[in-house]
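Biologist: I have a structure open and want to learn how to read it. Where do we start?

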Amino acid sequence: MKYNVDTRLVFQVGDPMDQGCATFLHNAMYSYANLNAVCVTAVIPKGGLPPFIEAVRTLGADGFDLTMPHKTDILAYLDECDEASRAFRCVNHVKLRGGRLIGTGLDGAGMGMSVEAKLGADVKGRHLLLIGAGAVAGPIAADLCMRGVSRVTIVNRTVEKAKYIAETLGRLYGVPCEYAPLCAEALNELAPQADLVVQCTSLGGGSWGSLESLDFVTRLPKHCAAADVLYPDTEFLQKARQAGLQTIDGRGMLFYQQLAMIDFRFGVKLPPAALLEAEEAVELAVAMRELRNRRLRA
């Protein structure tokens, strides 16, 4: 990795950051593309974006990539953003150009590509059950609508957020959409109708708590596929595998969007072979994370 006056500085921003692997992955992709750039982790608590953005401008950084809890909050500070990312209030990549902050969201494309790679054309005509209505949920549902899902149901603890995603999807894509509260009763009722479930909350992946109940997984049809935005494994995916369902973890969403990220930030189009590099980098990053967790538990 190069370090000189021409090195382009990018930050990976979020809180907490101790379980994330994106920084390692981004640096691996920069190296693969022979880019003189480096990505550095920055733990920024919710509400801390204004002084951070000021620091980015002062340092002359290239920009930053965002994870929880900033993907929605960043919209208030952008000078430019694509319509879909703004509509679903989810941005995870920002570049600084000519003093202007330009943002976009690529999580939806990453998950859509990952699901389609696993299921192929089988995505078309499926009823999507979306668990959670956080920052990544709308973009993921939007991308899957563009790939051919025929119906969407969103469940979330705050029903108004689920309603917003449902109404926006209906307006933009003309797909029938419904919403319901995120509770065991609703999930048990909806499960038999689902052909594809995407778990979009931070629950069930470690230190962020668990879903109220996973009993609904046993009610999903055997042809149903189960995807999660978290990786490498979650309680939801474990239960889905036990039920004999096809599963997709969040690593696919992470490394499939790397091609789009490199193009957005640096204007470099990488070949499909770069996906293998991204996958290898994620595996290494996850192994390093597990070693660190084991060391801390000792």
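Modeller: Start with charge. Lys and Arg count as positive, Asp and Glu as negative; His and the chain ends are not counted. This is a predicted model. The protein has 31 positive and 33 negative charges, and their mean positions are 1 Å apart.

Biologist: How many helices and strands does the protein have?

Modeller: Eleven helices and twelve strands. The radius of gyration is 19 Å, close to the 19 Å that the globule rule gives for 298 residues, so the protein is as compact as a globular protein of that length. The C-alpha trace spans about 60 × 45 × 35 Å along its principal axes.

Biologist: What share of the contacts in the protein with a separation of 6 or more comes from residues 24 or more positions apart?

Modeller: Such residues account for 69% of those contacts.

Biologist: Now burial. What percentage of the residues is buried?

Modeller: Buried means under 20% relative accessible area. Of the 298 residues, 55% are buried. The protein exposes about 13,100 Å², and carbon and sulfur atoms supply 53% of that area.

Biologist: Is helix α10 mostly covered or mostly uncovered?

Modeller: Mostly covered. Helix α10 runs over residues 258–266, and seven of its nine residues are buried. Among them are L259, M261, I262 and F264. R265 is also one of the buried residues. After α10 comes G267, with a positive phi near 70 degrees.

Biologist: Which residues other than glycine should I check for a positive phi?

Modeller: Take N34. N34 is not a glycine, yet its phi is positive, about 55 degrees. N34 sits in the loop between α1 and β2. Its relative accessible area is 58%, so N34 is exposed. R89 is another case, with a positive phi of about 50 degrees. R89 lies in the loop between α3 and β5. At 37% relative accessibility, R89 is partly exposed.

Biologist: Where is the cis peptide bond that involves P16?

Modeller: Read omega. The bond joining D15 and P16 is cis, with omega about 0 degrees. P16 is in the loop between β1 and α1. Y231 and P232 are also joined by a cis peptide bond, with omega about 0 degrees. P232 is in the loop between β11 and α8.

Biologist: Last one. Is N293 buried or exposed?

Modeller: Buried. N293 has a relative accessible area of 11%, and the cut-off for buried is under 20%. N293 belongs to helix α11, residues 274–297. Its side chain makes a polar contact with the side chain of Q19, at 3.0 Å.

Conventions:
Residues are numbered from 1 along each chain as its sequence is written. This is a predicted model: local features need pLDDT of at least 70, side-chain atom pairs count only at pLDDT 80 or more; totals for chains, interfaces and linings use all residues. Side-chain values use heavy atoms; hydrogens and water are left out. Helices (H or I, at least four residues) and strands (E, at least two) are DSSP runs, numbered from the N terminus. The radius of gyration is taken over C-alpha atoms; the globule rule is 2.2 Å times the number of residues to the power 0.38. Buried means under 20% relative accessible area, exposed over 50%, partly exposed in between (1.4 Å probe, protein chains only). Contact means heavy atoms within 4.5 Å. Accessible areas come from the Shrake-Rupley method with a 1.4 Å probe; for residues, only the protein chains shown count as cover. The place of a charge is taken as NZ of Lys, CZ of Arg, CG of Asp or CD of Glu. A polar contact is a pair of N or O atoms within 3.5 Å; within protein, one must be able to donate a hydrogen and the other to accept it, and residues adjacent in sequence count only if both atoms are side-chain atoms.
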